[in-house]
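Thank you all for coming; I would like to walk through one structure with you this morning, slowly and piece by piece. Please have the sequence and the picture open while I talk.

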Amino acid sequence: MSAAAVEPASTGAQQQEITRLHSYVGFDSITKQIEHKLLKRGFQFNVIAVGQTGLGKSTLINTIFASHLIDTKGRFEPDEPVRQTTEIQAVSHVVLENNVKLRLNIVDTPGYGDLVNNENCWDPIIKYIKDQHSAYLRKELTAMRDKYILDTRIHCCLYFIAPTGHSLKAIDIVVMKKLSEVVNVVPVIAKSDSLTLDEREVFKQRIRAELQHHNIRAYPFDSDEHDAEEQQLNEAIRNMIPFAVVGSERNVIIDGKPVRGRKNRWGVVNVENEQHCEFNYLRNFLTRTHLQDLIETTAQIHYEAFRSKQLLALKESSASKQQQQQQQQQGH
């Protein structure tokens, strides 16, 4: 008779038998050991904000992370020059919450879509994202590589849509299509308090229909690793995208309590009130439910596709050089 009873357990496509233990061993503490190491090392999260000037990109980023992390790059004086090209500007911060250290890289794209002719204004953004993949690959392929490679790969792209209430602009369709091939794209309707609730819902439905029509894959994606609960959550998020948001770094008083919001002559828009906007859903999605998945998806899907393409090109180039050398030797 065996020392311990066994029961079958399904692991993917195979079935594996699990041996029951007669007494406590202690390897279940491995999760605490991993947590301890990760807490010491900290986490890295890189986000890029893409959208035209004046849509509140900087304000929303600051609102999500409840801190002033990035300054606005808009023009406030008439003599300020209009930016001729998209300027990529990265800002780094370390934030701490309950002993969890998060290194934030926030990348802004001032100048995007602000010219009369915006042809190819997205190229610097795509190039920047690919450059981060390329830099990571170079470090990964070095003979004496670092124990922990500094990760500047973009994990999330917040794409800001103007609250027109009509449909996506041609530039939005082109850019989101190109971005979705290299990064996790999360579309948001900026300054959504300029729309009524009915207008907002119709606008969201039109955008979802256009994304589907143009085969633009917005994040999140489903995976075989996801259980039924995760798939259900992803489906709920896809039905909510694009998030209709309002950002504010200012506190206003409602019923004697300070809340982040925007005050106008008709009342106050409470940023964290789910009846006013979908900011809470976006923040929870980015930080509380999908932060790790955004990081993993970047590594396993976008970076892996880039890596495979580069290594295949390298292999073909090497084979071509060898062939040329052989032909030269045969010629001599």
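At a relative accessibility of 75%, D255 counts as exposed, because the cut-off for that word is anything over 50%. Please keep in mind from the start that this is a predicted model, so everything I say describes a prediction. D255 sits in the loop between β9 and β10, and its phi is positive, about 50°, although the residue is not a glycine. The hairpin that these two strands form has two residues between the strands, and the strands themselves, β9 being residues 251-254, pair in the antiparallel sense over four bridges. If you would like one pair to look for on the screen, I253 stands opposite P258 in β10.

A second loop residue makes a useful companion to that one. N98 is found between β4 and β5, and N98, too, is a residue other than glycine with a positive phi, near 50°. With a relative accessible area of 72%, N98 is exposed.

Let me turn now to the sheet. In what order do the six strands of the open sheet lie? The order is β4-β5-β3-β6-β7-β8, and the pairing is mixed. The edge strands, each of which pairs on one side only, are β4, residues 89-97, and β8, residues 243-244. For those of you meeting sheets for the first time, strands pair through backbone hydrogen bonds, and they may do so either parallel or antiparallel.

Within this sheet, β6 (residues 156-161) and β7 (residues 185-189) run parallel and are joined by five bridges. C157 stands opposite V185 in β7, and the bridge partner of L158 in that strand is V186. Is β7 buried or exposed? Five of its five residues are buried, so the strand is largely enclosed by the rest of the structure. Both of its faces are covered, with V185, P187 and I189 buried on one side, and V186 and V188 buried on the other.

A helix shows much the same kind of enclosure, and it deserves a moment. Seven of the eight residues of α2, which covers residues 57-64, are buried, so this helix is largely enclosed by the rest of the structure. The buried ones are K57, S58, L60, I61, N62, T63 and I64. What do they pack against? Their partners are β3, β5, β6, β7, β10 and α7, so that β7, the enclosed strand I described a moment ago, is among them. After α2 comes A66, whose phi is positive, near 50°.

Next, I would like to look at a buried residue in a loop. D151 is found between α3 and β6, and with a relative accessible area of 13% it is buried, because the limit for that word is under 20%. Its side chain makes a polar contact of 2.9 Å with the side chain of R153, and another, of 3.3 Å, with the side chain of H155. If we leave aside the neighbours within four places in sequence, D151 is in contact with Q44, N46 and Y136.

That last residue, Y136, lies in helix α3 and is buried as well, with a relative accessible area of 14%. Again leaving aside neighbours within four places in sequence, Y136 is in contact with I149, L150, D151, R153 and Y303.

There are also two cis peptide bonds that I would ask you to find. One joins Y219 and P220, with omega about 10°, and P220 lies in the loop between α5 and α6. Another joins I241 and P242, with omega about 0°, and P242 has its place in the loop between α6 and β8.

Finally, let me step back to the whole chain. The protein chain has eight helices and eleven strands, and its C-alpha trace spans about 75 × 75 × 40 Å along its principal axes. Buried residues make up 38% of the 332 residues. Among contacts between residues at least 6 apart in sequence, 67% join residues at least 24 apart. The accessible surface comes to about 20,700 Å², and 50% of that belongs to carbon and sulfur atoms. As for charge, the mean positions of the 40 positive and 41 negative charges are 4 Å apart.

Methods
Residues numbered from 1 in each chain as written. Predicted model: local features only at pLDDT ≥ 70, side-chain atom pairs only at ≥ 80, totals over all residues. Heavy atoms only, no water. Pairing = 2+ DSSP bridges. Buried < 20%, exposed > 50% of the residue type's maximum accessible area, 1.4 Å probe, protein only. Contact = heavy atoms within 4.5 Å. Polar contact = N/O pair within 3.5 Å; in protein donor to acceptor, adjacent residues only side chain to side chain. Areas by Shrake-Rupley, 256 points an atom, 1.4 Å probe, with all protein chains shown as cover. Lys, Arg positive; Asp, Glu negative; His and termini not counted. Charge placed at Lys NZ, Arg CZ, Asp CG, Glu CD.
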